[in-house]
Amino acid sequence: MNPDKVVTQIKNLGEFIKNNQNSDGSIPSTDKGEHDHWDHLESAMGLAISGFRDEFEAALDWSKNNQNPDGSWYELYSFSNPIEMNKQSNHASYFAVALFCHYLLYKDQTFINSMQEPLTLCLSFISSLQSKSGAIIWNIDEKGNKDFDYLLTGNSSIAKSIQSALHLYKVIGKETNPIKELLINLTDAIQNPSNKFDKKKDRSRFSMDSYYPVLSGVLDKSEETKYIKQTLEKFYVSDLGIKCVSDQPWVTVAETCEFVIALMKVGEKDLAIKFLTDIIQISDENMIPYMGWQYKEKIFWPEEQPNWTAGAEILAFDAVYKYSTASEIFLAN
């Protein structure tokens, strides 16, 4: 893609997210006004890369101000009001990735120091959920009961989050050994996943389980290649993108953009560019992406334009075209 068009699209997507940000710094997932913390942070990183530092910091401040005492965040919010009270592990850990994105962009140690407490708290929460196998429980319900199931996608995201936290701990000058051990045990689970995940439900029909381990940053090249091949064979629709689930005629923008980053991780730049070029067709006349395309009915479905989808697209453009100093955040281990 022409470099000028890349810049224009990144700024266009960032402006879209900026215009949807709430006055308290939260970023709703869609125009319904609700968001979960992971979506909020994905959108926030899109803001950051596209040049909206103040808005990005307002989003991180929202996270700091709305963190629970145990280091978690609730499942769903409207502005700063929690409306679903369960707590997901990967929603908490992703704060470290967003904070590391801030450091890569601005090298502002004073700001990172100001976020040390919420960072430490979220890692403590994650550590409390790690099982003997190394895998991390995915959810605590609204009554405080742990759901003893383990998601490969969620654990892969957590692994990348812990890697980001390790970099930040070095910046802060904080002891890294406790979270190194956390990552070592989690790495073993992801590298040897048999019988450690999906205890209650088979999630293999979801494409995220086929490429998120690549994004975890804990696999060797042969394992990464295996997952890439599996994704292409099971979920790729030619000239469209990646299906969300294997048995539905539905290609989704966010999953395809994440897979673009996974392709860059294994050095498949030409293929990554093709996927990114194809997937931006699932957009309106202003090049704002819809969630997905139902290719049997030939309709955008659902007819929503999530901020986090725009954020994922910005991250994919950045990974491919090296637009910002944070472009390696999902590519380097």
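Good morning. I begin with a cysteine: the sulfur of Cys244 lies 13 Å from the closest cysteine sulfur, that of Cys257, and this is too far for a bond. Please bear in mind that we are looking at a predicted model. Cys244 counts as buried, because its relative accessibility is 12%.

A second cysteine may be treated in the same manner. For Cys101, the closest cysteine sulfur belongs to Cys122, at 15 Å, again too far for a bond. Cys101 is also counted as buried, with a relative accessibility of 1%. How many disulfides does the count give? With a disulfide taken as a pair of cysteine sulfur atoms within 2.5 Å, the count comes to zero.

I turn now to the interior space. Rolling a probe the size of a water molecule over the atoms shows where empty space is left. In this model the count is three cavities of 30 Å³ or more, and the largest has a volume of about 130 Å³.

Which residues lie nearest the centre of that largest cavity? They are Tyr94, Tyr212, Leu215, Glu258 and Phe330, out of 13 residues in the lining. By class, the lining of the largest cavity comprises eight nonpolar, two polar and three charged residues.

Finally, let us consider the helices around this cavity. At least two lining residues come from each of helix H2 (37-49), helix H7 (152-172), helix H9 (208-215), helix H11 (253-265) and helix H13 (307-321). Helix H7 gives the most to the lining of the largest cavity, supplying three residues. Thank you for your attention.

Conventions
Residues numbered from 1 in each chain as written. Predicted model: local features only at pLDDT ≥ 70, side-chain atom pairs only at ≥ 80, totals over all residues. Heavy atoms only, no water. Buried < 20%, exposed > 50% of the residue type's maximum accessible area, 1.4 Å probe, protein only. 1 Å grid on protein atoms, 1.4 Å probe; cavity = no way out; pocket = protein on both sides within 12 Å on 5 of 7 lines; lining within 4 Å. Points joined across faces, edges and corners; volume = space filled by probe spheres on them. Helix = DSSP H or I, 4+ residues; strand = E, 2+ residues; numbered from the N terminus. Nonpolar A, V, L, I, M, F, W, Y, C, P; charged D, E, K, R; others polar.
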